[in-house]
Amino acid sequence: MSDPFRRSARIDAVELSEILKISELADALKREGRDVITLGTGEPDFPTPPHVIHAAHQAALAGETTYTLTAGTLELRRAIAAACQRENGYTPETAEIIVCTGAKQVLYNAFAATLDPGDEVLIVAPYWTSYPDIVTVCDGKPVVMPTSAETGFRITPEQLRDAIGPKTRWLLLNSPSNPSGAVYSEADLEALAEVLRDAPHVGIMVDEIYQHISYVPFRSFRSVAPDLADRTLIVNGVSKSYAMTGWRIGWGIGPKRLTAAMLAIQSQITSGASSVSQAAAVAALDGDQQLLAERSDDFRERRDMLAAALNATGVLDCPSADGAFYLFPGCARAFGKVTAKGRRIESDADFCEALLEEQGVALVPGRAFGTPGYVRLSYAYSRASLTEAATRIARFCANLK
């Protein structure tokens with residue numbers, strides 16, 4: 001019998017994110033009474049700044065609870081433009097900015113608006129788990145460019161040149177990177193831009209959502225290569241920097257012909273982002289920015305503490321991270337070893353499953369990010385949780401035989 005709810009071919013290869021699967025498994029174990037520490041979620045543990053919450057409250061009281069312009073309120077788009085000038089040295093026109101329900105919708109809108117079946121999108125691995133799935137849902141073909149700790153998890157200009165083909169429609173970069181924490185320097189970006197100047201058929205999408213959580217100087221691609229602005233889409237938002245994940249505000253900055261096409265997609269999906277959340281985002285961008293540096297410094301201290309503890313295990317090889325709030329250590333030294341409960345470790349997934357079962361620490365295997373042999377840990381958790389997790393991981397590694 002035919003099933004009217006059979007999965008379409010478009011999403012046949014798309015599953016629930018492994019990050020979400022692990023989070024749900026950890027939650028289930030907690031409900032059973034297990035003591036579980038989850039380091040799998042990419043969410044700051046800081047609160048949304050009080051003045052931002054106050055601005056949302058005032059907006060709601062003032063009746064700002066109706067539909068906004070589909071592209072976002074003029075107030076927010078002007079605040080975004082001002083922030084770009086203040087922080088990155090360029091000022092986009094308001095028509096170049098589209099406000100969406102989170103940065104993920106920016107990605108979807110752009111790919112849905114531009115990809116035809118068979119169009120290729122170059123994605124750097126390790127990558128955020130949603131990148132290839134969004135491309136697939138939009139009928140595109142993800143083409144993965146692998147990296148390693150030896151290259152700082154960054155692609156080289158030669159690698160990019162070799163990967164570009166006649167069907168390449170986009171290059172998708174993420175700097176600072178989730179999950180590796182890699183940050184492309186000005187020299188790195190300029191070298192990639194030089195390759196891209198010879199490939200005028202390729203669009204350039206740069207996810208800069210972790211811009212303000214960078215421990216080395218950050219440069220926006222558009223400020224490094226302004227001559228490529230007509231082919232560049234910058235993705236950003238308030239979720240990570242301002243601890244506003246639940247407010248669901250992201251934005252894209254690109255050429256007007258692209259934002260107009262993205263606007264057509266958005267008009268048929270969400271109509272637009274929350275009016276109250278947009279008022280909150282204005283307050284975040286226009287308010288005191290000192291908290292960004294303070295929170296980044298706090299994350300840096302957690303990074304240093306956790307990286308030192310992981311490297312001290314003698315099993316995990318943990319390079320430092322230049323940005324974001326993740327570590328991405330290699331776990332290959334554990335392969336072939338047996339845990340205290342007799343489980344043999346043959347992969348990063350085995351490592352994570354055994355660690356969760358035997359020590360109650362939830363991590364995400366590197367295979368979820370296109371880079372097997374590694375694990376991802378978020379250090380956007382309390383120091384007490386990080387310290388206890390490090391103790392349990394060390395105990396787990398010490399018991400491997």
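This passage walks through a predicted model, from its strands and helices to its cores and a few unusual backbone spots. Local features are taken at pLDDT of at least 70 and side-chain atom pairs only at pLDDT 80 or more, while totals for chains, interfaces and linings use all residues. Residues are numbered from 1 along each chain as its sequence is written, and side-chain values use heavy atoms, with hydrogens and water left out.

A good place to begin is strand β6 (residues 203-207). Helices (H or I, at least four residues) and strands (E, at least two) are DSSP runs, numbered from the N terminus. Five of the five residues of β6 are buried, so the strand is largely enclosed by the rest of the structure. Here, buried means under 20% relative accessible area, exposed means over 50%, and partly exposed lies in between (1.4 Å probe, protein chains only). In a regular strand the side chains alternate between the two faces of the sheet. In β6, Gly203, Met205 and Asp207 sit on one side and Ile204 and Val206 on the other, and both faces are covered.

As for pairing, two strands count as paired if DSSP finds at least two bridges between them. Strand β5 (residues 168-174) runs parallel to β6, with five bridges, and Leu173 stands opposite Val206. To get from β5 to β6, the chain passes through helix α7 (residues 186-197) in a right-handed β-α-β crossover. Right-handed means that, with the strands pointing away from the viewer, the path from the first strand over the helix to the second runs clockwise. β6 is also joined to strand β7 (residues 232-237) by four bridges, again in parallel, and there Val206 stands opposite Ile234.

Met205 of β6 turns up again in the largest nonpolar core, which has 65 residues; Met205 is listed among those with the most contacts inside it, including Phe111, Leu233 and Tyr379. Helix α13 (residues 383-398) gives the most to this core, with six residues. A nonpolar core is a set of buried Ala, Val, Leu, Ile, Met, Phe, Trp, Tyr and Cys residues joined through side-chain atoms within 4.5 Å. Setting aside neighbours within four places in sequence, Met205 is in contact (heavy atoms within 4.5 Å) with residues including Leu107, Phe111, Trp170 and Leu233. There is also a second, separate core of 52 residues, with Ala81, Met244, Ile249 and Ile253 among them.

Helix α10 (residues 275-286) is mostly covered, with eleven of its twelve residues buried. Those buried residues pack against α2 (50-61), α3 (74-88), β2 (97-100) and β8 (250-253). The expected span of a helix is 1.5 Å times one less than its number of residues; for α10 this comes to 16 Å, and the end C-alpha atoms are 17 Å apart, which agrees. At the start of α10, a side-chain oxygen of Ser274 comes to within 3.4 Å of the backbone nitrogen of Val276. As for β2, Ile97 and Val99 on one side and Ile98 and Cys100 on the other are all buried. β2 and β8 run antiparallel and share four bridges, with Cys100 partnered by Gly250.

Elsewhere, an open sheet of three strands has the order β9-β12-β11, paired antiparallel. Its edge strands are β9 (326-327) and β11 (364-365), each pairing on one side only. Thr114, in helix α4 (residues 103-114), counts as buried at 14% relative accessibility. Leaving out neighbours within four places in sequence, Thr114 is in contact with Asp119, Arg169, Trp170 and Leu258.

Finally, the backbone has a few oddities. Most residues other than glycine have a negative phi, and most peptide bonds are trans. Two cis bonds stand out: Ser175 to Pro176, with omega about -10°, and Asn178 to Pro179, with omega near 25°. Pro176 is in the loop between β5 and α7, and so is Pro179. Ala243, in the loop between β7 and β8, has a positive phi of about 55° and is buried, with a relative accessible area of 9%. Arg248 is also in the loop between β7 and β8; its phi is near 60°, and at 34% relative accessibility Arg248 counts as partly exposed.

How values were computed
A polar contact is a pair of N or O atoms within 3.5 Å; within protein, one must be able to donate a hydrogen and the other to accept it, and residues adjacent in sequence count only if both atoms are side-chain atoms.
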